[in-house]
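Morning, everyone. Please bring up the structure, and I'll talk you through its pockets and one helix.

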Amino acid sequence: MRDFKNDDGHMIFGGMRAADIADKFGTPVYVTDENILRENYRRIYGVFSKHMPTRVHYACKANSSLAVLKILEQEGSHIDAVSIGEVLTCMKAGFPASRILYTGTCVSTPELKAVADLGVMINIDSVSELERLAKINPNIPISIRVTPGIGSGHSDKVVTGAKGSKFGIPIDLAMGTFRRAMELGLKVKGIHAHIGSGGKGIGPLIDAVAVLIDLTNQIRDELEIELEFINMGGGIGVPYRPNEPEEDLEELAATVTDMILNDTSVGILALEPGRYVVCDSTVLLTRCVDVKKSGVKNYVCVDAGFNTLIRPAFYDSYHHVAIANKFNKAGTGKYDVVGPICESGDFLAKDRALPAPEDGDIVAVYNCGAYSFAMSSTYNSRPRCREVLVKDGKAELIRGSETMDDLWRHQTIPERLLK
Ligand code: LLP
């Protein structure tokens, strides 16, 4: 977990006092440091590409804010998109179709056609999708997603590669599916697996690449298809807790590239990190609006709930919290940080040692670049919050707060009810 500088009791983020950013733009607000984002992308691209040609397909489901996408576009990233909406959003940020790979699941024919019409490469998730694409446009390049029978993730909800998963082609049907793709005249460029998200350790990722390598060689030997790339998906975990070690990226890159270079004739490694690229680039700043004691627990009531950040409530995820304007003070008591949503499951953090909180304090929630704004909602009729980009002491609004009009925009009350 990244630590931040303290300036006279103030947390410094992107060269600014976090509390000043909150005061200027209002809360809750997601604040992204452009330098960290670029650093993360460069690190992961560099670690793999020094061994072999690499395509980093940033998994934009983690954070599809246009400014974030534009920065990654400038860095030369490719994209993993999961919906036509993500494809269009990336194109709006300047990504050409040639740098996007579409990996849908439960893909409808209209969506498949819309993606194919844009000339985006499609990562096939089912046999039916393959058959349907062949009818729509057999000239669209494809890769095929297999379920390697290896799963990993920080929660059962995000494990995708295990046997029986809804994602991809089961391993025992993989050869038949590649054969069928050939019969249909489709242009198969690669093979893909994504085993899950945020799991501990690099072992399962390496094991999944070994499965892909075996299949790649079988495909070459039996079907004479020379694949251009092996795509190992995303899933690299990041530390969310203080003192938690980072995953050994160097070791992961050295091992998988060595396996691919030695055991196959494939020339390109693709990977799809989402969390790794964006997670620690962003903090959520939320204001303390009340401090309550229940007799059993102490509560810091803030203006962001699971409408703004759902990961703690949904996955029981740990996000580190600190009081940004009491950054040099030690914890004096244990507090739950809770939000304004009318459910007792609404919390951001539990049992944390914090310096005595007061109304108006700014609570910084760490590691909020991935699956945070992207998963926010308007539950309880609370408009989605702002986003700010900081770089070297300058802050710019990259998304304004939604308004009540935004919430009502597409609703109508039938005439007859108004009489
Ligand atoms: N590739 C595919 C096909 C994926 O489905 C995903 C994530 C990724 C890449 C990127 O995985 P990452 O590198 O970010 O672990 N909402 C959950 C995470 C869901 C991940 C879904 N798929 C969370 O908040 O933890």
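The domain bounds I'll quote come from an automatic or database domain assignment. A pocket here is an open set of points on a 1 Å grid over the protein atoms alone, where a 1.4 Å probe fits, with protein on both sides within 12 Å along at least five of seven lines. Lining residues have an atom within 4 Å of a point.

This is a predicted model, where local features need pLDDT of at least 70, side-chain atom pairs count only at pLDDT 80 or more, and totals for linings use all residues. Residues are numbered from 1 along each chain, and side-chain values use heavy atoms, without hydrogens or water.

Start with the largest pocket. It holds about 580 Å³ of space. Lining it are 26 residues, with Lys61, Thr160, His194, Ser197 and Tyr371 closest to the centre. Domain 1 (6-32 + 279-408) and domain 2 (34-277) each supply at least three residues to this lining.

Now the second largest pocket. Its space is about 330 Å³. Of its 19 lining residues, His154, Gly198, Lys200, Tyr240 and Glu244 come closest to the centre. Here too, domain 1 and domain 2 each give at least three residues.

Last, helix H5, residues 109-117; helices are DSSP runs of H or I, at least four residues, numbered from the N terminus. Which of its residues are buried, meaning under 20% relative accessible area? Leu112, Val115 and Ala116. Seen down the axis, they fall within an arc of 100° (taken from directions to the C-beta atoms), so they line one face. On the face turned away sit Pro110 and Asp117, both exposed, that is, over 50%.

Technical notes:
Grid points are joined across faces, edges and corners, and a volume is the space filled by probe spheres set on the points. Buried means under 20% relative accessible area, exposed over 50%, partly exposed in between (1.4 Å probe, protein chains only). Helices (H or I, at least four residues) and strands (E, at least two) are DSSP runs, numbered from the N terminus.
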